[in-house]
Amino acid sequence: MELKPNKFALNFIKYNNLLMHILFRVKFVGRENIPKDGNFIYAANHITILDPFYVGLGSRKELYYMAKSELFQNKLLAAFLRKMNAFPVKRDTSDRTSLRRAEEIIKAGGSIGIFPEGRCNLEADLPKRAKAGVGFLASRCKCPVIPISLYNEKKGKLFTKLTVRFGEPISVEELGIKEKGRNDYQQIADVIMNRIIELWRQGHA
């Protein structure tokens, strides 16, 4: 697989940067934790459908995203999502096809944005437990993970403060990924989500 720069996605994020800051009062914290080079999995809790834009704005890098397959049923929306480097994943199933595509992207030098909870968490409590898919992906790619907390007490309502906090990359060793033998994907996913929750507990900057 050969990855080419997606000018549409990069320009969309660039020119909507100010709008996002006005509508959601976005504050980015911990950008210095993002390495300048290398491919990573960017893993964040999920509170609104706009989360991919926040992660993309904060990382300042071109990312690819896994989005629920239901969003691709509308042709216009599907065309836009593909322009934004998104590809469908079937929720609540072991969608190995989408996970393998994500694996191919990472091995080709790209980075993946993923929301391990699997769906938006609209409740006013802690992020939910991660699905095992993020553990499978990290294990297969032997790839570090950048944990991200999206913190908004109003769950994405307009003109309310949103803090996007980037943590230090979680290394393959910290994730407990084995070089040989079968890995425990759920255990790896739990390590990632626990780090996200640690960041989330810090609240607003």
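Here is a short friendly exchange about the pockets and nonpolar cores of a predicted model.

Biologist: Which strand gives the most to the lining of the largest pocket?

Modeller: Happy to walk through it. The lining of that pocket has 39 residues, with M66, A67, K68, V89 and G118 nearest the centre. Several elements supply at least two residues each, including helix 1 (7-15), strand 3 (64-68) and strand 4 (86-89). The top contributor, with four residues, is strand 3.

Biologist: How many residues of the lining of the largest pocket are nonpolar?

Modeller: Good one to ask for a pocket of about 980 Å³. Five of the lining residues are polar and eight are charged. The nonpolar ones number 26.

Biologist: What volume has the second largest pocket?

Modeller: Let's start with its walls: among the lining residues are L3, K4, P5, Y42, Y64 and S111. By class, that lining holds five nonpolar, four polar and three charged residues. The space inside is about 160 Å³.

Biologist: Which helix gives the largest share of the largest nonpolar core?

Modeller: This core has 31 residues, and I41, I112, I114, L137, L175 and I192 touch the most other members. Helix 5, helix 6, helix 7 (172-175) and helix 8 (185-200) are among the elements that each supply at least two residues. The largest share, seven residues, comes from helix 8.

Biologist: And how many residues are in the other core?

Modeller: That core lies apart from the largest one. Its members include M20, V26, A44 and L150. A44 is also one of the residues that I114 touches. The size of this other core is 30 residues.

Notes:
Residues numbered from 1 in each chain as written. Predicted model: local features only at pLDDT ≥ 70, side-chain atom pairs only at ≥ 80, totals over all residues. Heavy atoms only, no water. 1 Å grid on protein atoms, 1.4 Å probe; cavity = no way out; pocket = protein on both sides within 12 Å on 5 of 7 lines; lining within 4 Å. Points joined across faces, edges and corners; volume = space filled by probe spheres on them. Nonpolar A, V, L, I, M, F, W, Y, C, P; charged D, E, K, R; others polar. Core = buried A, V, L, I, M, F, W, Y, C linked by side-chain atoms within 4.5 Å. Buried < 20%, exposed > 50% of the residue type's maximum accessible area, 1.4 Å probe, protein only. Contact = heavy atoms within 4.5 Å. Lists of a residue's contacts leave out its neighbours within four places in sequence.
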